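Trainee: Please take a close look at a single part of this model, and set that part against the rest of the chain. I would like one connected account.

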Amino acid sequence: MNTPTPTSTSLVPRPPLEGAVELSAERTADSGVSMVWIQTADGSALVPRDSLPPEFFDPRLLPGGYQPRDLAPQPAADPIAQRIAAGGIGLGAAGAGIGWGLGQAAAGITATGGGGLVLGALLGLLFARLGGSGTTVHTEHHETHVTTHNRGLARSITTTGGPR
């Protein structure tokens with residue numbers, strides 16, 4: 001039989017088996033009795049198959065040894081986690097909608113307020129124009145003349161005088 005060398009990490013192929021194949025779980029002792037490996041507290045032990053009870057080979061008959069499994073398909077994601085995520089997405093969408101709605105309302109109120117101010121100013125001017133009750137406006141006109149003559153070497157002469 002070929003065995004790998006300690007320095008080799010690859011498996012070396014073995015020659016094909018001939019004759020009867022002996023299973024690793026059942027070995028025949030020299031007396032022809034079928035032997036079985038069982039797990040013990042210290043490791044494994046080779047025990048004659050006939051000395052074991054039939055429950056040993058049928059796990060459904062062992063008390064507490066066999067638990068049936070539920071083989072029904074499970075959901076891809078946890079349903080509780082899906083509900084939590086959907087609630088978060090729903091609350092986010094609701095918050096965005098409320099924010100958008102409040103923004104639209106604020107824009108309308110602002111536009112109404114600005115338009116109301118302009119309309120109020122125009123109405124005030126109209127009432128001032130129409131509602132004149134014989135008020136007299138006195139206008140005075142004053143003039144002052146300033147004359148500056150610039151000369152060389154930064155000399156300038158400034159004169160002020162009344163109307164001409």
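Mentor: Confidence comes first, since this is a predicted model. Among the elements of the protein, α1 has the highest mean pLDDT, 87, and strand β1 (residues 26-28) the lowest, 54. For the protein overall the mean pLDDT is 76, with 71% of the residues at 70 or more.

The part to look at is the hairpin, but its setting helps. The protein has five strands and one helix, and their order from the N terminus is β-β-β-α-β-β. The hairpin is made by β2 and β3, which come ahead of the helix in that order.

Strand β2 covers residues 34-39 and strand β3 residues 44-48; the two run antiparallel and are joined by five bridges. Two of the pairings can be named. M35 has P48 of β3 as its bridge partner, and W37 stands opposite L46, also in β3. Four residues lie between the two strands. One of the turn residues is G43, whose phi is positive, at about 145 degrees.

Now the helix. α1 spans residues 79-130 and contains F127. F127 also belongs to a nonpolar surface patch, together with L119, L123, L126 and L130. The accessible area of these five residues together is about 530 Å². F127 counts as exposed because its relative accessible area is 57%, and the cut-off for exposed is over 50%.

The totals for the whole protein complete the setting. Of its 164 residues, 3% are buried. The accessible surface comes to about 14,600 Å², and carbon and sulfur atoms hold 62% of that surface. Among contacts with a separation of 6 or more, 0% are between residues 24 or more positions apart.

To put the pieces together: the hairpin is held in the description by five bridges between β2 and β3, with M35 and P48 as one of the pairs and G43 in the turn. The helix carries F127, a member of the nonpolar patch, and α1 is also the element with the highest mean pLDDT.

Note on methods
Residues numbered from 1 in each chain as written. Predicted model: local features only at pLDDT ≥ 70, side-chain atom pairs only at ≥ 80, totals over all residues. Heavy atoms only, no water. Pairing = 2+ DSSP bridges. Patch = residues over 30% accessible without salt bridge, like charges linked within 9 Å, V, L, I, M, F, W, Y side chains within 5 Å. Areas by Shrake-Rupley, 256 points an atom, 1.4 Å probe, with all protein chains shown as cover. Salt bridge = Lys/Arg side-chain N within 4 Å of Asp/Glu carboxyl O. Buried < 20%, exposed > 50% of the residue type's maximum accessible area, 1.4 Å probe, protein only. Contact = heavy atoms within 4.5 Å. pLDDT = per-residue confidence, 0-100.
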